[in-house]
Amino acid sequence: MSEPKVATICRRGSRPKGEKTRQKILVATLRVIASEGVRGTTHRAIAKEAGVQLSLTTYYFKDLNELISLAFQAFMERDYGTLSTQWQKAFRYLDQFLPDDLRDPETRERIIDYCAKRILDHVRLGLTEHPEGLAVEHHFFYEALNDPVLQELSARHRDRLLQPIVRFCEYFNNTDPETDANLLLGTITRLEYEALPSLPQDVDYRAIRKEIRRIVGWIVNSD
């Protein structure tokens, strides 16, 4: 699996060498979570994955809960830049159309095809290039059901994923774009989760595209 990227989280007064070790431990934590889940993550497993002494996982982090929480915060920053760029391209595409254009059936079909393709490309990229990251995300979403700290972090992560989708839905539905956005994000999340156990070459992307196009079409034609 590809190595998950993490954002750098620095402590005041941390030295370069120490910070490098901390980041190594955070990356290892995400790898362990991806393979063992949050409940199966231990200091010993993290130290082994990171190739560091066991004592370093407690030297740099107060306890396991802090380590897992900081790893998730770092993970949350991983894709925001890329996603923002992708959404800005989509918004520039949509902004070329006048309000009357958006009510034209042929234009709507073009928009549906464009958006469905972009979303499918995003799903494909995640499954082929970042399956470990997707596994981490789904483990955190599940564990957040019972952990207040992870629940807060997970909700913040989901909200940041949802915001640009709400903006997309507002082009076609000014009444309740949040509901449409939640349905689209939920569909994408489910499709990723269902495809994650499969090898990339065995994923039925045709079926995934069909579902994505159906819900995007429903949103675009929601008025």
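User: Why does E194 count as partly exposed?

Analyst: The model is predicted, and in it the relative accessibility of E194 comes to 48%. Since buried means under 20% and exposed means over 50%, with partly exposed in between, the value of 48% places E194 in the partly exposed class.

User: How do you know which class R190 belongs to?

Analyst: The same kind of reasoning applies. R190 has a relative accessibility of 32%, and because the partly exposed class lies between 20% and 50%, R190 counts as partly exposed.

User: What makes the pairing of E194 and R190 a salt bridge?

Analyst: The side chains of E194 and R190 meet with a distance of 3.2 Å from N to O, and because a salt bridge requires a side-chain nitrogen of Lys or Arg within 4 Å of a carboxyl oxygen of Asp or Glu, this pair qualifies as one. Both residues lie in helix α10, which covers residues 177–195, and they are four residues apart, or about one turn of the helix. Elsewhere, salt bridges that share partners join E109, D113, R209 and R213 into one network. By this rule the count comes to eleven salt bridges.

User: How do you know that K117 and D121 form a salt bridge, and how far apart are they along their helix?

Analyst: The N to O distance between the side chains of K117 and D121 is 3.1 Å, and because the cut-off is 4 Å, the pair counts as a salt bridge. Both belong to helix α7, residues 105–129, where being four residues apart separates them by about one helical turn. K117 has 44% relative accessibility and counts as partly exposed, and D121, at 33%, counts as partly exposed too.

User: Why is E19 called buried?

Analyst: E19, which has its place in helix α1, has a relative accessibility of 8%. Because buried means under 20%, the value of 8% makes E19 count as buried. R22, its salt-bridge partner at 3.2 Å from N to O, is buried as well. The two residues are three apart in helix α1, residues 16–36, and are therefore separated by about one helical turn. The side chain of E19 also has a polar contact of 2.6 Å with that of Q23.

User: What makes helices α5 and α9 roughly parallel?

Analyst: The axes of helix α5, residues 80–95, and helix α9, residues 148–170, come within 10 Å and cross at roughly 10°. Because angles under 35 degrees count as roughly parallel, α5 and α9 are described in that way. Among the residues that make the contact are W87 and F91 of α5, together with L161 and I165 of α9. By class, this contact has nine nonpolar, two polar and two charged residues.

User: Why are α10 and α11 called roughly antiparallel?

Analyst: α10 and helix α11, residues 205–220, pack at an angle of about 175°, with their axes 10 Å apart. Because an angle over 145 degrees counts as roughly antiparallel, α10 and α11 fall into that class. The contact includes L183, L184 and R190 of α10, and I212, I215 and W218 of α11. Its residues divide into ten nonpolar, one polar and three charged. R190 thus takes part in this helix contact and also in the salt bridge with E194.

Conventions
Residues numbered from 1 in each chain as written. Predicted model: local features only at pLDDT ≥ 70, side-chain atom pairs only at ≥ 80, totals over all residues. Heavy atoms only, no water. Buried < 20%, exposed > 50% of the residue type's maximum accessible area, 1.4 Å probe, protein only. Axes fitted to C-alpha atoms, helices over the stretch in contact; angles between N-to-C directions. Parallel < 35°, antiparallel > 145°, perpendicular 65-115°, else oblique. Contact = heavy atoms within 4.5 Å. Nonpolar A, V, L, I, M, F, W, Y, C, P; charged D, E, K, R; others polar. Polar contact = N/O pair within 3.5 Å; in protein donor to acceptor, adjacent residues only side chain to side chain.
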